[in-house]
Amino acid sequence: NRELYTPLEVDLPLMSYFNSTANESFAPAEVILPSLPPFKSSSMRISYFNSTVNESFAPADVILPPLPPFKSSTLTEPTAWTLTVSKGTKKRKSIVCYCAKCGSTSITNELYKIVFGKPWDYPLTEPWIQELDSTRWEGLGKKVRKIDFGKTSSFAVIRDPKERIMSAFRSKVGCQGSVDISDRSRMVPKLLRLAGLPTKFASNPLDGFGLCLNETVYLQALFMIHMQALQGKLNVHFLPQHLHCFRHAPLSNWTVVTTVESPKARCDLELVVLGKSAGENCSLIKT
């Protein structure tokens, strides 16, 4: 599964940002990266060859240079949902927001059960469960771009950024495993274009069609996109979390901000949506 590429003649520091189980190299096209300060970790090693084998993150104490602010004109508009449910003769409104790869499937499955009292039993076809304004949600959800809280209860889901970035890699652009082949065929070329990289830095997948990325190229491409302040143009699966639910509404404005792993995530969601919670079976079953 090893693939070697001829590096382009560009000025790059001879250092890899990422730890690896195989030798790697990476030469971006027409992009000069700044020199990085030395790693604090003595266990890091320089690597020179591109590979599709498993690789892992550098330790948490790696220091990267400051990134420029994103260009707001490039921002992919964030999306939250207002949900209106009947409560006796009255209607209760709530705001729910979740980013892609933050456990959105788990959250919306539980949300559907809370609202309708039964599990989502539709086939794996569009409209997806995350689309709260579809007919499958019977008109209860409405998409909002700018969030006006007022006295409305709200619920936002977050995820550890490193976990999320690698979850997006495995499901959307990776070369093997449980990757969405259709999404990969679209997302890999777009990600490379946004980074300013030619497709020769992609790899051939072990299964399916189109192109794929190994971890090093994927992470380097994301870093280059941030260096060019273009992260606002990223697909929602890669869009930084602070540019989604919290772009127009700081974290402090939300009633509940939680992860799907929280032992009381389901009860918090129930409380926000219905105004009450039985206080039972409060943890979410990850889907």
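Contact here means that heavy atoms come within 4.5 Å of each other, and that idea helps in reading what follows. The structure is a predicted model. Start with helix α5: what covers its buried residues includes β1, β2, α1 (104-116), β4 and β5.

Before going further into that helix, a look at the whole protein is handy. Its secondary structure comes to five helices and five strands. Read from the N terminus, the elements follow one another as β-β-α-β-β-α-α-α-β-α. Of the 287 residues, 48% are buried. The protein exposes about 14800 Å², and carbon and sulfur atoms supply 53% of that area. Long-range contacts are well represented too: take the contacts between residues at least 6 apart in sequence, and 69% of them join residues at least 24 apart.

Now for the sheet. The five strands form an open sheet with mixed pairing, in the order β3-β1-β2-β4-β5. At the edges stand β3 (141-144) and β5 (256-258); each has a single partner strand, so one side of each is left without a neighbour in the sheet. On average, neighbouring strands are turned by 20 degrees against each other, direction ignored.

How do the strands pair up? Strand β1 (residues 80-87) and strand β2 (residues 90-98) go together in the antiparallel sense, over seven bridges. Thr-84 stands opposite Lys-93 in β2. On moving to β4 the sense changes: β2 and β4 run parallel and are joined by five bridges. Here Val-96 has Phe-155 of β4 as its bridge partner. The β4 and β5 strands also run parallel, with three bridges between them, and Ala-156 stands opposite Val-257 in β5.

Strand β4 (153-157) deserves a closer look. Buried or exposed, what are its residues? Five of its five residues are buried, so the strand is mostly covered. In a regular strand the side chains alternate between the two faces of the sheet. In β4 both faces are covered: Ser-153, Phe-155 and Val-157 are buried on one side, and Ser-154 and Ala-156 are buried on the other.

Back to α5 (residues 265-274), which lies across β1, β2, β4 and β5 and runs at about 135 degrees to β2. Why can this helix be called largely enclosed by the rest of the structure? Eight of its 10 residues are buried, and being buried means having under 20% relative accessible area, so little of the helix is left open. The buried residues are Ala-265, Arg-266, Cys-267, Asp-268, Leu-269, Glu-270, Val-272 and Val-273. Just after the helix comes Gly-275, which takes a positive phi of about 85 degrees.

A last stop is Leu-211, in the loop between α3 (181-195) and α4 (215-227). Leu-211 has a relative accessible area of 26%, and it counts as partly exposed because that value falls between the 20% limit for buried and the 50% limit for exposed. Leaving out residues up to four places away in sequence, Leu-211 touches Arg-184, Val-188, Thr-199, Ala-202, Ser-203, Asn-204 and Pro-205. One of these, Val-188, is 23 residues away from Leu-211 in sequence, yet the two lie 6.6 Å apart in space, C-alpha to C-alpha.

Definitions and conventions: Residues numbered from 1 in each chain as written. Predicted model: local features only at pLDDT ≥ 70, side-chain atom pairs only at ≥ 80, totals over all residues. Heavy atoms only, no water. Pairing = 2+ DSSP bridges. Helix = DSSP H or I, 4+ residues; strand = E, 2+ residues; numbered from the N terminus. Axes fitted to C-alpha atoms, helices over the stretch in contact; angles between N-to-C directions. Buried < 20%, exposed > 50% of the residue type's maximum accessible area, 1.4 Å probe, protein only. Areas by Shrake-Rupley, 256 points an atom, 1.4 Å probe, with all protein chains shown as cover.
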